[in-house]
Amino acid sequence: MKRKKKVFIIIGLLLVICVYFGYKGFNLFYYNINNLTTENYDSIVNNLTIKDTITINTKKLESDDYLTFRNIKVKNEFSNFKLLENQVSDNNIKYALYDENNNLKASFWMGITDSYVNLFKTDATLFGTEDKRINNTNLTNFLDKNNIKNDIDLFKYLEKNKNVKNNIFTSVKEMKENYLLQFMVSVAIPQIENITLIDGDYQGYIFNMKSENDNISSIREARILFNDKVYTFLFLNKNNEYFNNDYIQNILNTIVID
């Protein structure tokens with residue numbers, strides 16, 4: 001009887017092990033990032049590196065010297081620019097500068113949006129996917145657990161953990177979180193070259209962005225984190241550096257957010 005009992009115990013243990021590893025193996029395959037339709041994740045996180053830091057020292061101006069949009073004010077350096085009226089919305093405003101032949105030289109956009117951290121806490125269906133692996137998972141607890149409070153925390157986490165992969169010993173909960181995080185990063189964060197941090201009177205960062213258009217020499221988007229919102233200032237150059245680093249810094253030094 002003792003021998004039979006030992007056999008039953010061994011068989012039971014083997015069944016438990018098989019079920020466990022079968023379950024984990026299924027989920028490892030099911031939540032494999034390679035199953036995503038997007039292939040952007042690795043190329044995005046590999047460039048989420050902080051290149052340098054600039055400091056904003058706010059300079060107060062006369063009221064007539066500001067360009068105002070909603071609760072944002074910035075020095076009006078755009079009197080020669082044309083307002084793109086058909087692209088104005090409740091959340092952004094766009095200006096463009098043209099040469100004598102009506103060719104675009106530069107463009108400036110200003111607007112308000114949500115942070116990536118806040119977007120990642122919302123319903124994932126907002127990202128237009130029917131993938132049940134996305135819709136059935138919530139990232140709020142994951143972000144809180146890893147002390148990710150704002151976009152800069154998120155970028156530092158992603159850069160530090162860019163080589164983390166699911167394996168058979170990863171909990172299913174972590175597999176789901178990793179899968180969702182990689183999906184959200186792939187569809188929400190643009191391809192960039194690197195990041196410049198912003199500190200001083202305002203905190204935020206600048207995306208030094210890649211351009212897929214050979215006629216555009218550079219795109220820099222300053223994103224100011226303020227009162228749980230992101231205030232964006234995009235500077236686009238076509239073929240030359242109309243907005244060079246010093247010029248952008250001088251404009252950022254005049255930002256006022258009420």
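Which residue in strand 7 is the bridge partner of aspartate 52? The points below answer this and set the pairing in its sheet.

1. First, a caveat. This is a predicted model.

2. The answer is threonine 196. Aspartate 52 and threonine 196 are bridge partners, with threonine 196 in strand 7. The strands around this pair run parallel: strand 1 is joined to strand 7, residues 192–200, by six bridges.

3. Now the sheet itself. It is open and has eight strands. Their order is 1-7-8-9-10-6-5-4, and the pairing is mixed. Strand 1 (50–56) and strand 4 (82–83) are the edge strands. Each has a single partner strand, so one side of each has no neighbour in the sheet.

4. Two helices deserve a look here. Helix 6, residues 151–160, lies across strand 1, strand 7, strand 8 (203–209), strand 9 (218–226) and strand 10 (229–237). Helix 6 runs at about 55° to strand 8. Helix 8, residues 245–252, also packs on the sheet. Helix 8 touches strand 1, strand 7, strand 8, strand 9 and strand 10. The direction of helix 8 makes about 45° with that of strand 1.

5. Another open sheet has three strands, in the order 2-3-11. Its pairing is antiparallel. Strand 2 (66–69) and strand 11 (256–257) stand at its edges. Each pairs with a single strand, so one side of each is left without a neighbour in the sheet.

6. Which residue in strand 11 does isoleucine 72 stand opposite? The residue is isoleucine 257. Strand 3, residues 72–75, pairs with strand 11 over two bridges, in the antiparallel sense.

How values were computed
Residues numbered from 1 in each chain as written. Predicted model: local features only at pLDDT ≥ 70, side-chain atom pairs only at ≥ 80, totals over all residues. Heavy atoms only, no water. Pairing = 2+ DSSP bridges. Helix = DSSP H or I, 4+ residues; strand = E, 2+ residues; numbered from the N terminus. Contact = heavy atoms within 4.5 Å. Axes fitted to C-alpha atoms, helices over the stretch in contact; angles between N-to-C directions.
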